[in-house]
Amino acid sequence: MATATVHPNIALIKYWGKRDRDLNLPSTGSLSMTLSHFATKTSVVFGVDHDEVIINGEEALGRPAARVLKHLDLIQPGRAPAKVVSTNNFPTAAGLASSSSGFAALTLAALKALNIDHTPAQASILARQGSGSAARSIWGGFVEWRRGVKEDGTDSHGLHVAPPDHWNLNMVIAVVDKGQKSVGSTEGMLRTMATSPMYSAWVSSWQRDLDQARQGILDQDLTMVGRAMEASTLKMFATMFTSNPPIRYWRPASVAIQDEVAKLRQDGINCWWTMDAGPNVKVLCEPEDAPAVADALEHHVEDVHTLAVGGHPVVED
């Protein structure tokens, strides 16, 4: 048995689309910030009577359970039956990156329980095959996920850009809707790739955004990071809006918050927004500005969370 506690990450430079669906190889590179406070805690026990998956206190059935058990099969083919118990302290499947911490925690707990030696990069490759964004949650702080070029995916894994204490930033999260998304990320990506006329432009333009954001992190330049982040986010959603049929995760409150962030910048507060595949909005800012940002966002939603840069996973017997 082993237990892993892992923080989710929010992509500052986005991943959307796959060059290989089976191996979860991305069409673009990406770069993220690991979040504090939000976490997935997953325990894995091998050698039980039969496979069982418990998520947030309820037995998982169907596809959610199948994804978990398939991932264990990947880590150790021919494995013994296993019981998996996983809990999130934040909404699941609501565009708050629960799959990033979920599959990273499952990977790290299973590797520990099985006494399988591994490097962080090897764990990242395994986690990626459960959920792409999980490749980045193997570390705290700021993490790049390499697109890679090899067909077997061995060069597509996370790279640690900067540790948690490199830069004291906050991310203010406005929860527009806690419910599950109407269109799952995998389905949305496949539809976008197949039907959006903007998709090729998205794939050809990500490198500049990533390079700019990475340098901005190393230089602790929030404006440089923020501009690249908003550009990446808008381009990603442009591919969704132009899919057939369109994918519209945004809600009226999502747009109102984007406008609020623009107004805050006009008033001298250096803050920048991003969104994942869902309606919730995340705003990057300096800690001294976080109270003013949170106060502005509270006018539009009921739940606002202010999170710092998250630490590395904790794995124990």
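Is the crossing of H2 and H3 left-handed or right-handed? In this predicted model, the crossing of helices H2 and H3 is right-handed. Helix H2 spans residues 98-113 and helix H3 spans residues 120-130, and their axes come within 8 Å and cross at roughly 130°. That angle makes H2 oblique to H3. On the H2 side, Phe103, Ala104, Thr107, Leu108 and Leu111 take part in the contact, and they meet Ala123, Leu126, Ala127 and Gly130 in H3. Divided by class, the residues of this contact comprise 7 nonpolar and 2 polar, with no charged residue.

The loop between H2 and H3 contains Asn115. Its phi is positive, at about 55°, although Asn115 is not a glycine. Asn115 counts as exposed because its relative accessibility is 66%, above the cut-off of 50%. A positive phi also occurs at Asn24, where the angle is near 55°, again in a residue other than glycine. Asn24 is found in the loop between strand S3 (18-20) and strand S4 (25-26). With 7% relative accessibility, Asn24 counts as buried. Thus Asn24 is buried, whereas Asn115 is exposed.

A second helix pair is formed by H5 (residues 199-219) and H6 (residues 222-241), which pack at an angle of about 160° with their axes 8 Å apart. The two helices are therefore roughly antiparallel to each other, since angles over 145 degrees fall in that class. The crossing of H5 and H6 is left-handed. From H5, the contact draws on Tyr199, Trp202, Ser205, Asp209, Gln212, Ala213, Gln215, Gly216 and Ile217. The partners in H6 are Met224, Val225, Arg227, Ala228, Ala231, Ser232, Lys235, Met236 and Thr239. By class, 9 nonpolar, 6 polar and 3 charged residues make up the contact of H5 with H6. Charged residues are thus present in the contact of H5 with H6, while the contact of H2 with H3 has none.

Beyond H6, the chain continues into a loop that leads to helix H7 (252-266), and Pro245 lies in this loop. The peptide bond that joins Asn244 and Pro245 is cis, with omega at about 0°.

The structure holds 0 disulfides. For Cys271, the closest cysteine sulfur is that of Cys285, at a distance of 6.6 Å, which is too far for a bond. A disulfide would require the two sulfur atoms to be within 2.5 Å. Seen from Cys285, the closest cysteine sulfur is in Cys271, again 6.6 Å away and too far for a bond. Cys271 counts as buried, at 0% relative accessibility. Cys285 likewise has 0% relative accessibility and counts as buried.

Helix H1 (residues 62-75) includes Leu69. The relative accessible area of Leu69 is 18%, and the residue is therefore buried, given that the class takes in values under 20%. Apart from neighbours within four places in sequence, Leu69 is in contact with Asp51, Val53 and Arg79. Between Leu69 and Asp276 there are 26 Å in space, C-alpha to C-alpha, and the two lie 207 residues apart in sequence.

Notes. Residues are numbered from 1 along each chain as its sequence is written. This is a predicted model: local features need pLDDT of at least 70, side-chain atom pairs count only at pLDDT 80 or more; totals for chains, interfaces and linings use all residues. Side-chain values use heavy atoms; hydrogens and water are left out. Buried means under 20% relative accessible area, exposed over 50%, partly exposed in between (1.4 Å probe, protein chains only). Axes are lines fitted to C-alpha atoms, for helices over the stretch in contact, and angles run from 0 to 180 degrees between N-to-C directions. Helices (H or I, at least four residues) and strands (E, at least two) are DSSP runs, numbered from the N terminus. Angles under 35 degrees count as roughly parallel, over 145 as roughly antiparallel, 65 to 115 as roughly perpendicular and the rest as oblique. A crossing is left-handed if the near helix is turned anticlockwise from the far one by less than a right angle, and right-handed if clockwise. Contact means heavy atoms within 4.5 Å. Ala, Val, Leu, Ile, Met, Phe, Trp, Tyr, Cys and Pro count as nonpolar, Asp, Glu, Lys and Arg as charged, and the others, Gly among them, as polar.
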